[in-house]
Amino acid sequence: MNALYGLFLVCALALVALMGVGGAGLTGLFGIAIPYVAVAVFIVGFAMKIFDWAKSPVPFRIPTTAGQQKSLDWIPYNRFDNPVNNRDTVVRMILEVVTFRSLFRNTSAHLGKNPQGGPQVAYFSEKWLWLAAILFHYSFLTILIRHMRFFTEPVPWLFQKLDWADSVLQIGQPALYQTDLLIMAGLLWLLARRIFYPRIRYLSNAADYFALFLILGIVISGIYMRYVAHVDIVAIKQYSMSLVMFSPTIPETISPAFFVHFFLVCVLLIYFPFSKLMHLGGVFLSPTRNLPNDTRINHHENPWNPKIKPHSYEAYEDDFREAMVEAGLPVVKQPDEAGAEK
Amino acid sequence: MSLKPEELLASVDYDNPPKTEWMDTPNDFSPGRWPYPAKVDLHKAMGFKHAHEWRPDEEDWHLPENWKDIVHQGFKERLDKYRSFKVFMDICVRCGACADKCHFYIGGGDPKNMPVLRAELMRSVYRKDFTMAGKIMGKLAGARVMEEDVLKEWFLYFYQCTECRRCSLFCPYGIDTAEVTMMARELLHEVGLGINWIMEPVSNCNRTGNHLGIQPHAFKEIVEFMCDDIEEYTGVRINPPLNEPGHEVLFITPSGDAFADPGIYTFMGYLLLFEAIGLDYTLSTYASEGGNFGFFTGADTMQKLNAKMYAEAKRLGSKWILGGECGHMWRVVNQYMDTMNGYLQEGSNLTTPRNPITGTVFENARQTKMVHIAEFTADLIKHGKLDLSPERNNHLRVTYHDSCNPSRGMGLLDEPRYVIKNVCNNYFEMPPQTTREQTFCCGAGSGLNTEEIMDIRLRGGLPRGNALKYVQDKHDVNMMACICALDRATLIPVADYWAPGVAITGVHEMVGNALNVKGQKKREVNLRGEPLEEV
């Protein structure tokens, strides 16, 4: 049901663009107003979210330690899974963000029987989610960067090379981008596991499907334009450059298919800061990963630390003095002293 | 547990979750699914407001009239105080990597025990109350209104989380359900809902210095009893100082070690060790607890209870503190102690710990001034300062259970292994997916070690118990060592159920058995009083 909500919503959005541009001719709205608003909402929303997180302090150092601590000199410690300084913590973060290291650890638990017929839980390495996530994210990044050639003139060397590398296999005309295939594979896998894996279906809500369908919609409309509809690339570049130069003009030859693609991208930009997609920013701020495990070594400040004192020894002794004296335990005040004070 | 292990396993089904969506699945408050509520006077005495009589299985929980405001305000306050909480509420993508990492889910199959859904119980309310998308889109954005049933659901499931952090290890963003559970429990306490198995130890610890409510004279008696046994078994008389000022080291261990089998044998191991090396130390009855059940109610209570360690070290003029084998005590020491209680060190004699026997300076404890006994003993062994006869443990075929907190909240993995391998000759590791940082909980940490939820505990104990069974079948393992006093209590029913025939021990019990102490007689029995010839 949640999947259908997501699919329905994305289809509706595509239709809105198609009708808005193709039917009602609202090219100004879809070609100029919405893109500018979307970019503004994305930048401001993203920054505000980060600011909002950063506003809350990190009162305690709570890294999840994934390896041996630094203790005695002769015990080798795991510097990147249990770092004690900022440099190693940065390495840990880079490995996390760039290689999805925690996800790489993923296992799946299976219930079965051991050779004796008794119950057994077995754990198997489970890399599919990691693989799909890696495929999706890196393809998305590559696609995003190679799209920059629409927004730059002259096109920087890096963007040109990336574009060349992505189509290096030179299959078909126009040459097939490998990332177009890979991102589809990644997305479809992520979608399939939400739909067909009972446990994951159970925990997925409409927003999870919406994000997947939205990006899938963007990818499919992009592929359609490049390989099927053969839209007027020169006109689109002319248009995108005009947006970047803040003097927007919309050439007549741009087909409505482009606006479906472009509108969905705008929706993604607007949706981004208010959704789980903000994990892009949040992963850098997660206190279980971005802090060294060094609170036994160095002082760490809690800005709101209340000065809560223990139930004092004096009160404790007052409570148990007679018994302590009788048991021969040392006391600070003898019972007669304490009695005299009362 | 009424079910046999095979029957229990047959009742677990990951592939057929309830027909209803999780938000619409009603709470099940049948007996055995919830710990007993805290006694009102204990709850009140610790300064919690709105303490009241209630029962989880009754319809009316007698909540304060403005409970929704209290929860909302408390929620907001914690979002402002903890970045972890705020970030964790926002960035989960529900990828499900954590789903089958929780022992309660693996052994029970209830989808609300998947860490992602457990946290969603709070996130749904967060979205409704604190995010624009949730306010506008409601259920489509995964938001829901805070109702009495939601609060009841919190109670049910945040007391089926042992804050073991295994999910956090596998989460691509490091989302730590323990943080979420801590916040949920704090909010539950704010409206007067706590459980007795946490509140009673907290209250005891505050007044008497330890969870069990052992008063000073009784504590002394217990220590003397243990010394009597040591004398009987080894011929060596030990008279450990209690509450004495002027000693170099203050030794603090969880009171579970002074309470019952097999903890007391571990305690006897500590005493023998200190005697053997002539350590200048004292015990304290006022700070007779290293464990900290305050951690399971909220930050303030944790701080209050933990403060005693520094207060006592200062009063007695100790130079540093040595800490015994305890799980969450060490998470608190490693991640919270100096930050929240560090200021109490001012004016004390506390200094960077130095092993007086080997001269090793514990630079890794420069700030907290607190050393873990596994580090301490490993250092002694490495420097050849202990005369050990590991063959006295030859009847043992040992495996080691990494306790969750020292593993994922500290990284104490190799020190205890080094000690064990030096004091016994037969050591076997459980499968790698179940040890070190990937270790599984005993199923009853974070204050859930209570009889009335034994079914849940044994289900939660499945992954640990099953890994144990594996090495029992393969290597005839008959002893599981651990460095957590709670483990020493909770793993016994887990082992009896899942791997009958395996006993539980602390690491320093085995040290005590292997250790030769000056003036000892021929050791004919171990610290359990079992004749060494026969075992």
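At what angle do the axes of helix α3 (residues 67-81) of chain B and helix α8 (residues 148-158) of chain B cross, and within what distance do they come? In this predicted model, the two axes come within 11 Å and cross at roughly 55 degrees. The helices α3(B) and α8(B) are therefore oblique to each other, and their crossing is left-handed. On the α3(B) side, the contact is made by B:W67, B:V71 and B:F75, while α8(B) contributes B:E148, B:L151 and B:W154. Of the residues in this contact, five are nonpolar, none is polar and one is charged.

Chain B also contains an open sheet formed by four strands in the order β6-β5-β7-β8, with parallel pairing. The edges of the sheet are occupied by β6 (427-428) and β8 (503-506) of chain B. Each of these edge strands has a single partner strand, so one side of each is left without a neighbour in the sheet. Within the sheet, strand β5 (residues 398-401) of chain B runs parallel to strand β7 (residues 479-482) of chain B, and four bridges join the two. In the pairing with β7(B), B:H401 stands opposite B:C482.

Two helices of chain B lie across strands of this sheet. Helix α18 (residues 414-423) of chain B lies across β5, β6 and β7 of chain B and runs at about 165 degrees to β5(B). Helix α20 (residues 462-475) of chain B likewise lies across β5, β6 and β7 of chain B, and the angle between α20(B) and β5(B) is about 165 degrees.

Key. Residues numbered from 1 in each chain as written. Chains lettered and ligands numbered in written order. Predicted model: local features only at pLDDT ≥ 70, side-chain atom pairs only at ≥ 80, totals over all residues. Heavy atoms only, no water. Axes fitted to C-alpha atoms, helices over the stretch in contact; angles between N-to-C directions. Parallel < 35°, antiparallel > 145°, perpendicular 65-115°, else oblique. Left-handed = near helix turned anticlockwise from the far one by under 90°. Contact = heavy atoms within 4.5 Å. Nonpolar A, V, L, I, M, F, W, Y, C, P; charged D, E, K, R; others polar. Pairing = 2+ DSSP bridges.
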